[in-house]
Amino acid sequence: MQISLNWLKQYVDIPKDLEPKDLALKLTMATVEIENIIDQRERFNNIIVGEIIDIVDHPDATKLKVCRVKTGKEEYQIVCGGANIYQGLKGVLALPGAQVKWHGQGEYVKLEKTKIRGIESNGMLCAAEEVDLPEIYSVNGGVVDLGAKVKIGQSIAEVFGLDDVIFEIDNKSITHRSDLWGHYGLAREIAAIFDTKLGQLKTDILKEGKEVDLKVEIEDNENCLRYMAVAIGNVKIEASPDWLQNFLKAVGIRPINNIVDISNFVMLELGQPTHAFDRKDITDDTIIIKRAKGKEKYRTLDNIERELDLNTLLICDKKRPVALAGVMGGLNSEVEEKTEEIIFEVANFNPVNIRKTATRLDLRTDAATRFEKGLDPGLVEIGMKRVITLIHELLPQARLTSKVIDINNLKAEARVIELSLDFLKRRVGIEIPKKEVIRILESLSFKVSDKKGELSVTVPDFRTKKDIFIVEDLVEEIARIYGYDNIEQVMPYISMEPQEYNQEREIERQVKNILVNVGGLNEVLNYSFISEKQILNLGLELENHLELKNTLSQDQKYLRSSLIFNLLHNVSDNLRFFKECKLFELGRVFNLKAGEYSFSPKSKELLSSQSKELAGVVINDNPFIEVKGLVETLLNLLEVKYELRINKNNSGHVLDNTKCLEIIIGDNLIGYLGEVDKKILSKNEIKVKVGYFQINYKEFLKHVADNLKYEPLPKYPGMTYDLSIIVPFKVNWADLEQEVRSTSKLIQQVELFDVYQVSKLGPNKRSLAFHIHFLDKKRTLETKEVEKIREEIVKKLIKKFKAEIR
Amino acid sequence: MLDELKKLKEDALNEFKKVKESEELQRLETKYLGRKGELTKLLKKVRDLALEEKPRVGKFANEVKSEIAKTINDIKYELGSHEGRHEAEYFDLTLPGKKYKAGHFHPLTLVQKQLEEIFERMGFMVLEGPELESEYYNFEALNIPETHPARDTMDTYYLKNKKGWLLRTHTSNQQVRTIEKYGAPLRAVFPGRCFRYEATDASHETTFNQLEGLMIDKDISIANLIAVMKSLLREVLNKDVKVRMRPGYFPFVEPGFELDDSCLICSGKGCSVCKKSGWVELLPCGLVHPNVLRAGGLDPKVYSGFAFGLGLTRLVMMKYEIDDIRLLLSGDLRFLNQF
């Protein structure tokens, strides 16, 4: 919203030496954010009225003249090419330093003294386009001719009434303050901030007429809370006076005619929209406020056909709609040049209804924007008074031809809030003197009665219930005008009691640390959304997924039930640039099962499960071994007791069932690892092997331990023997290791260090080489006994696994 | 046998002591340790020894061998310093060191961790909550009834066939859940993922992260809020920036504030980033609205508190000067490898 400083000055005394930017800052700090300040005068610095007193030909250019231009005591030599110049012309003289547009195009540039074809020129007589003056001053090939009446030396900004400063207000910062949607409301704030006087609005009372029997019927009491109307006759439609046009133009509103301009002026003064109908278009002088019957169509002022619905509130006459209530007038009842009688409407509508209609039609007019904030119904009356006063002022011949009708469905109820000064002190954190508290409240039009430490505060009606209703609202009013900068900061005193330990956060940090710094994985974060295709590509059912009601794209239609969907997406994306990659994600996944969070304290409904999953993908030569190692390292470092189990019937849907392992913790299946099934990969257009692991993070958390205890260092040396054997493929290392280990209690560890597999070993055979570490904690081992065990192992391996010793 | 080895060792060491040139050293090395050298000859004899003697003699022989080898090495080193060893064994110190390949944390994780640590130092709990949320906790409990215009400004994702289910539009959904669970006094922050139903571009995303904070105790005041917010910002931005608090409107606080910091790009002089105002809007905050306290079961006459919301995603973008928000969820390693 744009606010004009000159307009504000109509209502409030602003300290004379106060710069506009300081006023804006004060408003920002106490009331609303002023986003931008536009100073019209700055644009016209060094541009003044000058009169040509002499013209001679330029010695060196046929189209140019050399003029002497007078601005009072000063005279300037100006080279000019304007075709329309004459001695005595009063024009727009730009002096060095002025901002002008060359030939009326591009950005402003700073004018400087120059020589034109050898003749000195100390400024420039401007065409309208060169300084952005209204089109009516534009002369083809010529300069502006201001006519004889203007005073030489006067600044152009003044001549055109362009000496205003415009404040741009962030509309979002006043959504709760319907009283600030007009100049008068802001003037009231300024008066409170600077402790100056707020002027009263002038209201004239006109005699009501009798010749028109104006009737108003409200059929929809819920959506029309108050409606005032009056018929006005002997109206002559013409242009508004300059002062009114200038105010409107300053805040970006195009002047139309006196009646429309009055309507807009009152809206911008009070925040209360009003509307004028041509009386001849209102059948039977009857106005009915009701909702549309259904899918009717209606043409609004902007000549666009609008589709109505059952919720659309309409202003109708006896036969037909004449306006979209609170949003926009209708083409069929518009005030035109030949209009002689009008009916003025000032009303209050249900903000929710207006907001819904404006949103549905995407028609956010100035009126709708104000109505949807919820206006004080009392404003209707003030608005009507101001309309009548301005009509009287601008159209003295006009008169009221009907009674002023007022249908008011709302009873004003006084809002009184008790404010204890002690409470105020506790909420603000410092003591504000009672005198100052009362001054602030009264300057904001609150009524205060003092009852020994308790103030009884009556809220003015224009501060709506949504805005001021509870004592905390008063705390804000007082503190913001007192000045937040004047409140000394105080750190709160708190109990030393340690806060609850959040194991989940701590473990999360450790998990990420291990995966990144030990495993060398990259952390990714993906969208929580997936597409229908992604679900089907994994062979899963759509109905097992939560679906969004509104979505921006088909890629984001469902909530992810696992991290794998988007991780596979990451793989195919990154394969364009990288041959290998290792990624993981820790994030929430969603399914239909009931979760841990309740819908509300009163309902028994639980929101769906949305627990965290930890998953990763690996692309390299041997992804199975890589993911297995990653999972083992992670679980070992976090002291989780786990088992990796072969179960070819259960591959978690996505893994190749010959290359997958179940991750078992405490008898529970909490995840999988392995290589992704080739069919799934090809559906995702991935042509390399992909290792994958997935862990139910919440279950896993329960098993993270911190039980590590020191073990005494061995006092006696151990011994290590190496063994290299050839076995058939189908002999699993885990079985072999188990067999070796079980041979003797002296075996501390069996450590595989080489797996070797070529055809010369024989068909379907491989070589395994491993260290066997022997140790006895109580004595030095003897070579003989260890050798004996070794021989025993060899025998067992030959017998059980058909091993050949190399 | 042991005696023979001992003698060999003594002879060898004596001879080595006299060596002055590398050629001579090489000759002696071959003499003792070569394939047909003295020691090798002796070792061959070990095979013929009785089984129980073998280990002992074998062990001693190994010791002799390593001692001789060490002596040779020492002499080589000494000779080297005289004889231009540099040329032959030149070591290029400028070769790159061994590469250790660590992975990378997501930038959001990095910034979130920093923030969490700041709050932990100030005694706040770090809690998480549901991303799939109910209208009640996301709106109603926060004093945003169904007809409130604020619901329009937060374009919300709703779920199909699940009445009142939505994706949270802010981490403020945690406020009432946390009060219900922990009561008062309370100090907690809630980092997390939020969602808005809006078209994406370089500065808008459907998915972004916030960090909400909440403190409740007896007589928490505006003066407290200002003090905590200012020291918080000092920690977050890691310098003593100028900040200001001005009125701001949010339905779940009363009074509400916008906290601005002096623009870091132009140091408050005014530039395009701060729209020439010299200030950048950083953090909305305020005293918790009594309706919110009541929704959590607390008496607003006894308790008061403050809440604030930090745009985590925005902080990440500010910190690393990331100009396109969409990169954060792109999974693009060319981006992620930079952190």
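**Contacts, strands and domains in a two-chain model**

Asp467(A) touches His176(A) and Arg177(A), leaving aside residues up to four places away in sequence. The model in which these contacts occur is a predicted one. Asp467(A) belongs to the loop between β27 and α13 (471-482) of chain A. Its C-alpha atom is separated by 9.7 Å from that of Gly374(A), although the two residues are 93 apart along the chain. Is Asp467(A) buried or exposed? Asp467(A) has 19 other C-beta atoms within 10 Å, and 20 or more would be needed for a residue to count as buried. Asp467(A) is therefore partly exposed.

The domain assignment gives a frame for these positions. Chain A is divided into domain 1 (2-41 + 164-194), domain 2 (45-159), domain 3 (215-408), domain 4 (415-486), domain 5 (503-701) and domain 6 (719-805). Taken over C-alpha atoms, the centres of domain 2 and domain 3 of chain A are separated by 45 Å. Chain B is divided into domain 1 (2-88) and domain 2 (107-336). For these two domains of chain B, the separation of the centres over C-alpha atoms is 76 Å.

Strand β27 of chain A, which precedes the loop of Asp467(A), is part of an open sheet of 3 strands. The order in this sheet is β25-β27-β26 (chain A), and the pairing is antiparallel. β25 (415-420) and β26 (447-451) of chain A are the edge strands, each pairing on one side only. Direction ignored, neighbouring strands of the sheet are turned by 20° against each other on average. Between β26(A) and β27 (residues 454-459) of chain A there are 5 bridges in the antiparallel sense. One of the bridge partnerships sets Lys447(A) against Thr458(A) in β27(A).

Another set of pairings in chain A involves strand β12 (residues 165-169). Strand β1 (residues 2-4) of chain A pairs with β12(A) in the antiparallel sense over 3 bridges, and Gln2(A) has Glu168(A) as its bridge partner in β12(A). Strand β2 (residues 34-39) of chain A also runs antiparallel to β12(A), joined by 5 bridges. Here the bridge partner of Ile37(A) is Phe167(A). In a regular strand the side chains alternate between the two faces of the sheet. Which residues of β12(A) point to the buried face? Val165(A), Phe167(A) and Ile169(A) point to one face and are buried, whereas Ile166(A) and Glu168(A) point to the other and are not buried.

Further along chain A, strand β37 (residues 668-676) has neighbours in β36 and β38. β37(A) is mostly covered, with 7 of its 9 residues buried. Strand β36 (residues 655-665) of chain A pairs with β37(A) in the antiparallel sense over 7 bridges, and Cys660(A) stands opposite Gly674(A) in β37(A). The hairpin of β36(A) and β37(A) has 2 residues between the strands, and Gly666(A) takes a positive phi near 50° there. With strand β38 (residues 691-696) of chain A, β37(A) pairs in the antiparallel sense over 5 bridges. In this pairing Gly691(A) in β38(A) is the bridge partner of Glu675(A).

Some backbone angles deserve separate mention. Most residues other than glycine have a negative phi, and most peptide bonds are trans. Glu685(A), in the loop between α18 (678-683) and β38 of chain A, has a positive phi near 55°. Glu685(A) counts as exposed because it has 10 C-beta neighbours inside 10 Å. Asp284(A) has a positive phi near 65° and is found in the loop between β15 (274-278) and β16 (286-291) of chain A. With 11 other C-beta atoms within 10 Å, Asp284(A) is exposed. In chain B, a cis peptide bond with omega of about -5° joins Ala184(B) and Pro185(B); Pro185(B) is in the loop between α9 (174-182) and β4 (186-195) of chain B. A cis peptide bond also joins Glu254(B) and Pro255(B), with omega of about -5°, and Pro255(B) is in strand β7 (residues 253-262) of chain B.

Chain B also contains a helix pair. The axes of α1 (residues 2-18) and α3 (residues 38-46) of chain B come within 11 Å and cross at roughly 170°, so α1(B) and α3(B) are roughly antiparallel to each other. Glu4(B), Leu5(B) and Leu8(B) in α1(B) meet Glu38(B), Leu39(B) and Leu42(B) in α3(B). The residues of this contact comprise 4 nonpolar, no polar and 2 charged.

Between the chains, 76 residues of chain A are in contact with 63 residues of chain B. On the side of chain A that touches chain B, 31 residues are nonpolar, 24 polar and 21 charged.

Notes:
Residues are numbered from 1 along each chain as its sequence is written. Chains are lettered from A and ligands numbered from 1 in the order in which they are written. This is a predicted model: local features need pLDDT of at least 70, side-chain atom pairs count only at pLDDT 80 or more; totals for chains, interfaces and linings use all residues. A residue is buried if 20 or more other C-beta atoms lie within 10 Å of its own, exposed if 12 or fewer, and partly exposed in between; C-beta atoms are placed from the backbone. Helices (H or I, at least four residues) and strands (E, at least two) are DSSP runs, numbered from the N terminus. Two strands pair if DSSP finds at least two bridges between them. Two residues are in contact if their C-beta atoms, placed from the backbone, lie within 7 Å. Ala, Val, Leu, Ile, Met, Phe, Trp, Tyr, Cys and Pro count as nonpolar, Asp, Glu, Lys and Arg as charged, and the others, Gly among them, as polar. Axes are lines fitted to C-alpha atoms, for helices over the stretch in contact, and angles run from 0 to 180 degrees between N-to-C directions. Angles under 35 degrees count as roughly parallel, over 145 as roughly antiparallel, 65 to 115 as roughly perpendicular and the rest as oblique. Domain bounds come from an automatic or database domain assignment.
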